[in-house]
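Ever wondered what stands behind the labels people put on a protein model? Let's take a few of them and check each against its cut-off.

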Amino acid sequence: MKVLYLAIITAAGIVAIIIPTAVFFFPSAMPGTYQHAESNALDLSGPTTDNPLGITASVVVEQDTSMMCPVKCTISPTPHLVLRSHSGAEFVGYRVCDGGSCKTGRLSDSINASLESIPQNYSGPTGLTPSDINLGDLPWQVGDTVHVIVKAFPVALQPNDILVRQPERTAVVDLGESKITGLGATEQQDLRQINQASIRKIVDLAQLNRTLAERPIDNFVGIIFGAFDWSHDGKFLVFSTNAGNPPSYLWVMSSDGKQTRIISTPKADSIYSPRISPDNRSVYYIGGYSQNGTWYQDIYRCGLENDSNNCQDLTLHSKIGAFDFIPSGNGLVFVENHSNTTFVRSFTFLVRHYNLLWLSDLDGKKQKLLFNGTQTFSGMSLSPDGNSMVFFDRDNPVRPEDNGTYMEYNLPGGGIPGPKPVYLALFSISQKNFTILDSSTDYVYGNFRWTNDGNYIMADKLFSSEMVEVKPEAYSSAGVVTLIPASDPKNQTVLYGLQTKPYAPTPKGLAISPDQKSIIFGIDTDYHGSEIQGRGIYRIDFGNPLP
């Protein structure tokens, strides 16, 4: 086992606020550099174990997320340096040694502080980026011991975007030893091997396409999978698909895939988030439709006992973003979106929005307002005890940047310039507070499922820039199914797919069996590899219950 010696130093420019999974960057309110600090950046003499700034440092072997692969390239994992400070510190450089060789460099514009140190009326945040520094192509491995020395001085964020630097209090702090962590190919946990798992295709997409081909569908483009849900008795699943016009259908499938049928659905053009009722007799879902130029999303309920059109709309002309059953089975929790848009100038609109989180009975009748705020609760899933809710959001749920008001730019070609992070978060229903589990501009989570003990969250994880080659010169998005410990969200376990080349096609939808021994998802990419053989519905069976 090698012992590595790491030294980190510090200086001026951009302000960063780092929480366990992310860094917030702030433009400095007091521009300037400290030439004396920079010129002595590599002077690490006189280290102390006193650490009043609450500095932590680690080395993680991972891919460089700032490198883009628009078509095809290979990005090998390298050691990355991660810096944090509880009370606020400014860093100016680093030196890393493995006993015989050293890696030396300077860090400019590197300041960070914890979320708790931001004043309520500090409005400096302009973006979010991973809190890592690529150390380059070094022969270090996951598990090697790293010794970290940090040179830093205090910074403080004050109201009205004032940043106070104190280079006269520069100190060299010895943080001791730690292990290099990461998801190297030889270090990645694999529960599928531990549990003797097997993967198989249980439904070929051609079979479903043939069923839809018999129906009057305009512009039939083939099936794209939506979401899956497993019945509480384990005997069947429901899932949604998009296909053409009308674009969405709702299906019932036996758990072995041998029987499939379409449920007749009402006026909805798009179907989202199907959920089977606790008594297994009906399916609830969000149906989207356009009426008089306005897009609505209502909650519907359809019976599962026969093919008759016995569906009801439980809400009317609403804009429901997400919903779930409460654990007792006698009610729902859903989020209702509200917004209005004002034209400002060409391609620019001012949007004001807020969201209401409701508790309702099984007929959708509102009973209690649980929360009123700007958080979207997208893809929400309630924990088994009903105390927490996992969801994703495109704004920081702990400290929303827009506070209910933002500018929307409908530019020619679409989109707003520059990437924006997506947050994975927990909401405590009783405490009314939020916890960020993860955030990134490089991937997004979806289709959340809790394990029965409430300790883990299963989810699809779609990479925003990584691609899988489905055939020569033809590429599709890559993704994995991951198991996320709620108490340690960075320590994830991949259940399907690869986080490095050659990757695997994106899973669509996700369901876990009631006994926690099987998962089911869709693949609508024509990919053929060692495990995936073309489009269809796949099932992974584990020898033991997850996790």
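What follows is a set of questions and answers about salt bridges, rings and sheets.

Q: What makes a local feature count here, and how are residues numbered?
A: This is a predicted model, so local features need pLDDT of at least 70 and side-chain atom pairs count only at pLDDT 80 or more, while totals for chains, interfaces and linings use all residues. Residues are numbered from 1 along each chain as its sequence is written, and side-chain values use heavy atoms, with hydrogens and water left out.

Q: Why is the contact between E90 and R165 called a salt bridge?
A: The label needs a side-chain nitrogen of Lys or Arg within 4 Å of a carboxyl oxygen of Asp or Glu. For E90 and R165 the closest N and O atoms are 3.0 Å apart, so the pair qualifies. E90 sits in strand 6 (residues 89-97) and R165 in strand 11 (residues 162-165), 75 residues apart. A strand, by the way, is a DSSP run of E with at least two residues, numbered from the N terminus.

Q: How do you know whether E90 and R165 are buried or exposed?
A: Buried means under 20% relative accessible area, exposed means over 50%, and partly exposed is in between (1.4 Å probe, protein chains only). E90 has 0% and R165 has 9%, so both go down as buried.

Q: What makes R449 and D229 a salt bridge?
A: Their closest N and O atoms are 3.8 Å apart, and that is within the cut-off, so the name fits. R449 belongs to strand 32 (residues 443-450) and D229 to strand 15 (residues 224-230), with their positions 220 residues apart in the chain. R449 is buried at 9% relative accessibility, and D229 is buried at 10%.

Q: Why can R275 and D324 be said to tie together separate parts of the sequence?
A: R275 lies in strand 19 (residues 270-276) and D324 in strand 23 (residues 320-325), so their link joins parts 49 residues apart in sequence. The closest N and O atoms of this salt bridge are 3.7 Å apart, and R275 and D324 are both buried. The search of the whole structure finds ten salt bridges, and those that share partners join R200, R539 and D541 into one network.

Q: Why is the pair of F225 and F228 called tilted?
A: Rings of Phe, Tyr and Trp (its six-membered ring) pair if their centres lie within 6.5 Å; planes under 30 degrees apart are stacked, over 60 edge-to-face, and the rest tilted. F225 and F228 are 5.9 Å centre to centre with 40 degrees between the planes, so "tilted" it is. F225 is buried at 4% relative accessibility, and F228 is buried at 0%.

Q: What makes F377 and F427 edge-to-face?
A: Their planes are 70 degrees apart and their centres 5.3 Å apart, so they pass both tests. F377 is in the loop between strand 26 (366-373) and strand 27, while F427 is in strand 30, 50 residues apart. F377 is buried at 0% relative accessibility, as is F427 at 0%. Both belong to one aromatic cluster with F371, F391 and F434.

Q: How do you know that K461 lies over the face of Y443?
A: A charge sits over a ring if NZ of Lys or CZ of Arg is within 6 Å of the ring centre and within 35 degrees of the ring normal. K461 is at 4.2 Å from the ring centre of Y443, so the distance fits, and K461 is listed as lying over the face.

Q: Why do strand 30 and strand 31 count as paired?
A: Two strands pair if DSSP finds at least two bridges between them. Strand 30 and strand 31 have seven, in the antiparallel sense, so they count as paired. One of the partnerships is Y423 with S439 of strand 31. S439 is buried, at 5% relative accessibility.

Q: What makes strand 27 and strand 31 edge strands?
A: In the open sheet of four strands with the order 27-28-30-31, strand 27 (378-382) and strand 31 (433-440) each pair on one side only.
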